[in-house]
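Student: Please take one part of this model and go through it closely, from its own residues out to what surrounds it. Give the meaning of each term as it comes up.

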Amino acid sequence: MKALDGIKILDFTHVQSGPTCTQLLGWFGADVIKVERPGVGDATRKQLIDKPGSDSLYFTMLNHNKRSLTLNTKTDDGKEVLERLIKECDVMVENFAPGALDRMGFTWERIQELNPKMIMASVKGFGPGPYEDCKVYENVAQCAGGAASTTGFRDGPPLVTGAQIGDSGTGLHLCLGIVTALFQRERSGRGQKVLAPMQDSVLNLCRVKLRDQQRLDAGPLKEYSQFGEGVAFGEATPRAGNDSGGGQPGRILKCLGWENDPDAYTYFITQAAVWKNICDVIGKPEWKDDPDYATPDVRLNKLNEIFDTIEAWTMTKDKFDVMDICNPLNIPVGPILSMKELAEEPALRDTGTIVEVDHPERGKYLTVGCPVKLSDSEVDVTRSPLLGEHSEEVLAMLGYSETDISAMRESGAI
Ligand code: CAO
């Protein structure tokens, strides 16, 4: 038994944000029926192609554990199939441009008429307000949600981050909204609309930066490197490079081999409780009781000197040796791991977070499995569907005969 056994998802999502949400629902056991345009499918199927003739990794890695139904929802037959699907499913998930579903004839009112228990979940770039009609992609959300203005170095431009917080981050938020609405429906008997705007999701993930915005009213942010460097703060939360976002100062420091290996670095946190251990490890025992270094407050204007000294030590060690030495002393450190290293990490394979999947067109490939582990709902990652692979079986489930299906194929509705 899986957590979401028996829950049917009408997956009307495309690109990244929506598909990451429905993929999670599939991993938790829901029956996810992905609706795609005949002959075209989700645009990502043919984007960033590495193996001509096969679905891209972009598509396959976002669409495991789903069935694919091709359907032209702008034809009468297509609309009729969609209506049956709405009656049959528990949740409809979509991330079209604002208004697309209404233009198709499926307003929230119409959906409720067809199925009052329907949970209708949407990703949009922005919530209600001046930008609600805009189309939005990942990096736009990172910029509009506060991530870019607070990422990067003070003397450089705003930066986007490699973590897809706008798309996959919003997918996670939407997934949480959906399962919460399913839980409420158990008691209310009613469906509801669930909206996860990308700007709001990114801002939620940037919560500590809005915290710092308000702390600025009380004076400079002393844990930011620029405080120790004597650089004045402006009106808004600045970019903080690799400074730690929490109360314990931290930095990315070079390790042995950094000259040739772009990932020979470690994150190092000077946690107050283990300051004495840090002083011993880096060969500065005299800092333990020196009144200029002994307490967190007096260290704040000397962070550059302190981290330069720690780095002189980390540069003599491999990033994994730094971890082996520091962990037993409770000093929090983390090697900078490359995608290559993560792909080869046996522990991640053992837990199912990195999974090898076999695909009929492309052969074996690696993917990220379910990052959330439920002890009573095991995840089996199954390959993404080929375009329209399950059209016949889904239509038969909806009560269509073989003759109906052939007619729809002839007319281009499926
Ligand atoms: N049958 C018939 N028509 C279909 C269909 C189907 N099965 N599936 C989609 N369509 C139609 C839609 O109805 C729409 O038609 P109209 O413009 O005539 O109403 C059309 O296809 C295109 O949809 P779209 O505008 O959503 O697609 P786009 O490629 O132009 O925009 C995106 C893509 C992502 C910018 C936009 O969908 C969007 O802003 N979504 C919300 C935010 C979001 O999720 N962004 C993250 C995407 S991941 O980076």
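Tutor: Two strands count as paired if DSSP finds at least two bridges between them. Strands (E, at least two residues) and helices (H or I, at least four) are themselves DSSP runs, numbered from the N terminus. The model is a predicted one, in which local features need pLDDT of at least 70 and side-chain atom pairs count only at pLDDT 80 or more, while totals for chains, interfaces and linings use all residues. Residues are numbered from 1 along each chain as its sequence is written, and side-chain values use heavy atoms, with hydrogens and water left out.

The part to look at is strand E5, which covers residues 119-124. Six of its six residues are buried, where buried means under 20% relative accessible area, exposed means over 50%, and partly exposed lies in between (1.4 Å probe, protein chains only). The cover reaches both faces of E5. Ile119, Ala121 and Val123 are buried on one side, and Met120, Ser122 and Lys124 are buried on the other.

Next come the partners of E5. Strands of a sheet pair through backbone hydrogen bonds, either parallel or antiparallel. E5 is joined in the parallel sense to strand E4 (residues 91-94) by four bridges. It also runs parallel to strand E6 (residues 193-197), and that pairing has five bridges. Which residues stand opposite serine 122? In E4 the residue is glutamate 94, and in E6 it is leucine 195.

Now widen the view to the sheet that holds E5. It is an open sheet of six strands in the order E3-E2-E1-E4-E5-E6, with parallel pairing. Why do E3 and E6 each have one side without a neighbour in the sheet? Strand E3 (67-70) and E6 stand at the edges with a single partner strand each, so one side of each is left open in this way. From one strand to the next the twist averages 20 degrees; axes are lines fitted to C-alpha atoms, for helices over the stretch in contact, and angles run from 0 to 180 degrees between N-to-C directions.

E4 has another partner besides E5. Strand E1 (residues 8-12) pairs with E4 in the parallel sense over four bridges, and aspartate 11 has valine 93 of E4 as its bridge partner. Helices also lie against this sheet. Helix H8 (residues 198-205) packs on it and touches E5 and E6, with a direction at about 65 degrees to that of E6. Helix H3 (residues 76-88) lies across E1, strand E2 (31-36), E3 and E4, and runs at about 140 degrees to E1.

E5 is also among the neighbours of helix H1. Eleven of the eleven residues of H1 (residues 17-27) are buried, so this helix is largely enclosed by the rest of the structure. Among those buried residues are Cys21, Leu24, Leu25 and Trp27. They pack against E1, E2, E4 and E5, and also against helix H7 (168-188) and strand E11 (363-368). After H1 comes glycine 29, whose phi is positive, near 110 degrees.

At an edge of the sheet, threonine 70 is found in strand E3. Threonine 70 is buried, with a relative accessible area of 6%. Leaving aside its neighbours within four places in sequence, threonine 70 is in contact (heavy atoms within 4.5 Å) with residues including Glu36, Arg37, Leu387 and Ile414.

For contrast, there is a sheet with antiparallel pairing, open, with three strands in the order E7-E8-E9. Its edge strands, E7 (250-254) and E9 (333-335), each pair on one side only. Strand E8 (residues 265-269) and E9 are antiparallel over three bridges, and threonine 266 stands opposite proline 335 in E9. Helix H13 (residues 303-314) packs on this sheet, touching E7 and E8, at about 40 degrees to the direction of E7. Helix H14 (residues 319-326) lies across E8 and E9 and runs at about 155 degrees to E9.

Last, the whole protein. Its secondary structure comes to 18 helices and eleven strands, and 45% of its 414 residues count as buried. Of its contacts with a separation of 6 or more, 65% are between residues 24 or more positions apart. Taken along the principal axes, the C-alpha atoms fill a box of roughly 85 × 45 × 40 Å.
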